[in-house]
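Trainee: Could you take me through one part of this model up close? I'd like to hear about one residue and its surroundings, and then whatever you think connects to it.

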Amino acid sequence: MYVNRYVCIHGHFYQPPRENPWLEEIEIQEAAYPYHNWNDKILAECYAPNTAARIMSPERRILAITNNYSKMSFNFGPTLLSWIEHHEPELYQAILEADKWSATRFSGHGSAIAQAYNHLILPLANKRDKHTQVKWGIKDFERHFKRSPEGMWLPETAMDMETLEVLATQGIKFTILAPHQAAKVRKLGEERWDDVSGGKVDPKRAYLCKLPSGRSINVFFYDAPISHDIAFGCLLENGVEFAKKLMGAFSDSNAPQLVHVATDGETYGHHHRFGDMALAFCLHHIESQNLAKITNYGEFLEKNPPQYEVQVIENTSWSCAHGIERWRSNCGCNTGKGWSQEWRLPLRETMDWLRDSLIPLYESESSKYLKNPWKARDEYIAVIMDRSRENVEAFLTKHSKRELSPEERRVVLKLLESQRHAMLMYTSCGWFFDEISGIETVQVMKYAARAIQLAKEINGTEFEPGYLERLGKAKSNIPELENGAKVYEWCVKPASMDLMRVGVHYAISSIFEKPESRPSRVYCYLISDEIYELLASEKLKLATGRAKITSDITWDEQRVSFAVFWLGDYYVYGGARAFISENAFTSMRNELQEVFEKGEDHRIILLIDANFQKKGVSCSLKDLFKDRQLAIISKIMELSLSKVKALYREIFESNHSAILFLKEIRVPLPRALKVAAEVVLGSDILEVLRSEELNLDLLERLVCDTQNLGVEVDRGMIGLESSTRMEKEIEKITNDPFNRDRVERAEWLLTLLFKLNLPLNLWRAQNAIFTIIGQSYGYMEGRSKRGDKEAERWVASFQRLAELLGVKI
């Protein structure tokens with residue numbers, strides 16, 4: 001091994017918070033199809049595969065599986081890691097375990113570092129927000145990794161001296177910057193400074209940055225050319241070439257040298273398919289060939305303290321050539337669509353106005369209840385991480401001046417939530433891209449809208465008119481959208497909701513649920529039925545009821561009375577209103593039920609209008625939240641679609657011979673026949689894959705038809721369902737590894753799926769097979785060598801399955 005040669009690869013794993021601010025959950029995002037949302041998609045392509053990355057043989061067979069996180073430096077955005085914790089607990093545990101393993105590899109230094117909480121551009125934040133963002137990032141890190149962070153990733157590596165002071169104040173030892181953020185360096189103890197501006201700083205050492213307060217922080221400047229080749233070039237096409245590139249960055253000096261790179265973590269699998277495997281092989285190659293020592297920043301810093309001091313260039317970042325202008329001006333940084341970004345400045349000014357307007361409201365109102373309002377905000381992360389009643393009670397007891405009434409507690413929680421959203425509305429992605437109507441910018445507007453709504457609920461202050469007046473100066477590139485104010489009206493206002501809207505959603509969705517399946521909660525709202533009755537005839541349903549809706553976030557609650565009438569198909573007519581007296585509710589319910597029993601449909605609608613139109617809200621399927629709306633519409637459409645599919649099936653089957661003949665003589669299929677074949681074969685394949693008992697004979701016939709007819713099925717959805725089915729079949733082998741029939745069925749299934757040329761994600765199946773090789777294969781191979789015929793057949797089948805999955809035995 002070369003002495004004093006160290007390599008560190010850092011991945012910044014981050015996605016902007018995508019949750020609906022009123023529901024605290026991500027709704028379906030169509031652009032991520034066939035996945036539910038972008039987090040799901042990127043998890044499947046990147047976050048999960050990096051916990052079990054493949055090291056491949058020259059024959060493209062899996063030699064080993066490794067957790068990349070345990071050998072690299074990494075940070076996860078706090079909001080992303082919390083989402084992973086709740087939606088993919090197995091992956092979450094693998095990330096935590098990787099940090100523990102890395103500490104055993106790297107002299108007690110875990111590879112995970114923290115990140116400022118919700119990725120706002122810290123130099124553009126006020127000092128108080130800087131402190132809160134760093135404190136929240138640290139506390140969130142400590143909850144997950146059970147230790148204090150040594151380093152912190154700055155969003156977009158954007159920094160100024162105040163930001164570095166905040167990091168140092170909070171005990172952060174180091175951060176990572178781009179080389180063009182360095183201005184001057186000098187050896188410690190010397191007087192003369194050397195100019196290293198323009199990216200000329202030597203990235204192979206750590207630097208000490210002395211701060212105006214007398215504190216200091218260590219800084220690493222990543223290797224920009226190699227990082228660029230990883231992110232935007234072809235370096236991840238070959239792990240050996242990746243390793244050679246890193247090795248080529250060392251000089252002939254015998255002094256300790258650290259070659260390190262930093263990119264978005266999503267580079268390894270999402271931006272570059274199989275990037276996780278290139279990373280795994282690169283690290284494997286460096287270690288197996290004794291080319292250098294793999295390390296992380298904490299270990300290198302302990303063994304090689306800075307010998308040089310650095311002066312940094314304030315208000316700079318890694319992703320804007322103009323400093324931090326990408327997040328406040330039309331600087332020219334964009335994704336290349338040719339659109340103007342003049343909207344960035346008025347959007348920034350609008351958000352600043354709202355933030356600064358919310359501050360006096362927060363101070364004046366919260367000081368009535370809290371000992372130290374800003375300290376309470378700094379520690380509110382404890383509530384964000386744990387919304388249990390007991391934990392929130394403990395937080396309020398700690399920070400309140402006195403015992404608060406239920407209403408006062410709700411006010412305090414709303415005040416703190418308004419501040420949380422006032423920071424979420426600065427999430428950097430809102431300014432990064434090209435157009436103000438993009439999903440990232442609409443998302444930060446939604447956070448602003450939630451803060452505005454909370455302010456109004458707290459003391460009646462109305463910020464929305466002033467917000468829209470300023471937002472109107474942000475011009476859209478899309479003529480019909482005009483400006484930010486219209487984008488807000490079109491894209492943000494429809495998403496806004498209150499407890500009544502939650503009650504409406506519950507009332508409508510309850511009609512389509514079995515009584516025992518009626519939900520006790522809707523996202524972050526608890527539903528307590530007080531009265532609920534459902535009448536049903538052959539085609540009609542009438543639901544009447546009263547429920548208490550309680551928010552997990554603000555503890556707000558409202559009793560909602562409702563009546564919903566379903567006339568079949570998409571025709572839902574209903575109403576909801578705040579609690580009415582017991583007698584009034586009983587009278588309304590009895591009258592509606594009496595008319596329903598008589599079958600007088602028109603009178604039901606008139607009665608609903610009479611009871612709800614003036615003092616409540618009317619409701620239809622349009623008022624459902626997006627995911628449930630799609631599920632119910634799909635359910636309603638089943639009958640219609642089944643009729644359409646039956647028609648296509650009749651066309652397909654009655655013309656099957658003609659279709660085969662046309663293909664044989666190479667005559668293009670008429671559009672009608674082609675569509676019929678696509679619909680029938682695609683839906684039949686999905687049905688087989690989703691069935692409880694997998695019919696492989698039928699699947700084989702369908703695959704053959706699809707191939708023979710040259711039919712284009714929905715490869716995305718079928719690929720996703722196929723991957724899921726393959727995982728289930730391999731799981732059966734895991735639970736019963738010596739069952740040859742299960743092995744042969746899995747082999748048969750995979751053979752068929754490969755014929756469809758699907759985008760399969762087989763990493764879970766490969767992981768399981770790799771585990772079975774370690775636990776069971778040797779035993780069966782031994783029996784086979786001793787003449788056990790059944791074991792011989794099992795070994796032969798298992799070898800074929802492993803070969804198909806690309807796993808080397």
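Mentor: Start with R715, which touches L756, N757, L758 and P759, leaving aside residues up to four places away in sequence. Keep in mind that this is a predicted model. One of those partners also makes a polar link: a polar atom of the R715 side chain lies 2.5 Å from the backbone oxygen of N757. R715 itself sits in helix 26, which covers residues 715-735. Is R715 buried, exposed or something in between? With a relative accessible area of 32%, R715 counts as partly exposed, because that class falls between the 20% and 50% cut-offs. There's also a long-range pairing to look at: P34 is 681 residues away from R715 in sequence, yet their C-alpha atoms are 9.6 Å apart in space.

Now stay with helix 26, since it leads on to the largest pocket. Helix 26 gives six residues to the lining of that pocket, the largest share. The pocket has a volume of about 1300 Å³, and the other elements giving two or more residues to its lining include helix 1 (38-47), strand 2 (53-56), helix 8 (275-288), helix 28 (763-785) and helix 29 (789-805). In total 45 residues line the largest pocket, and A44, L760, N761, L762 and W763 are the ones nearest its centre. By class, you get 20 nonpolar, 13 polar and 12 charged residues in that lining.

The second largest pocket is worth a look too. Its volume is about 1100 Å³, and among its 42 lining residues F232, D264, H271, W318 and F432 lie nearest the centre. Helix 1 turns up here again, giving two or more residues to the lining, as do helix 6 (224-232), strand 12 (257-264), helix 15 (429-432) and helix 16. Helix 6 gives the most, with six residues. The lining splits into 20 nonpolar, 15 polar and seven charged residues.

Helix 16 (439-459) takes us on to helix 17, whose buried residues pack against it as well as against helix 10 (344-366) and helix 18 (484-492). Those buried residues of helix 17 (464-471) are E464, G466, Y467, L468 and L471.

For a contrast with R715, try H119, which is in the loop between strand 5 (114-115) and helix 4 (127-145). H119 is buried, at a relative accessible area of 1%. Its side chain makes polar contacts with the side chains of H12, at 3.2 Å, and S428, at 2.7 Å. Other residues that H119 touches include Y14, Q133, P155 and E156.

Methods:
Residues are numbered from 1 along each chain as its sequence is written. This is a predicted model: local features need pLDDT of at least 70, side-chain atom pairs count only at pLDDT 80 or more; totals for chains, interfaces and linings use all residues. Side-chain values use heavy atoms; hydrogens and water are left out. Buried means under 20% relative accessible area, exposed over 50%, partly exposed in between (1.4 Å probe, protein chains only). Helices (H or I, at least four residues) and strands (E, at least two) are DSSP runs, numbered from the N terminus. Contact means heavy atoms within 4.5 Å. A polar contact is a pair of N or O atoms within 3.5 Å; within protein, one must be able to donate a hydrogen and the other to accept it, and residues adjacent in sequence count only if both atoms are side-chain atoms. On a 1 Å grid over the protein atoms alone, a cavity is a set of points where a 1.4 Å probe fits but cannot get out, and a pocket is an open set with protein on both sides within 12 Å along at least five of seven lines; lining residues have an atom within 4 Å of a point. Grid points are joined across faces, edges and corners, and a volume is the space filled by probe spheres set on the points. Ala, Val, Leu, Ile, Met, Phe, Trp, Tyr, Cys and Pro count as nonpolar, Asp, Glu, Lys and Arg as charged, and the others, Gly among them, as polar.
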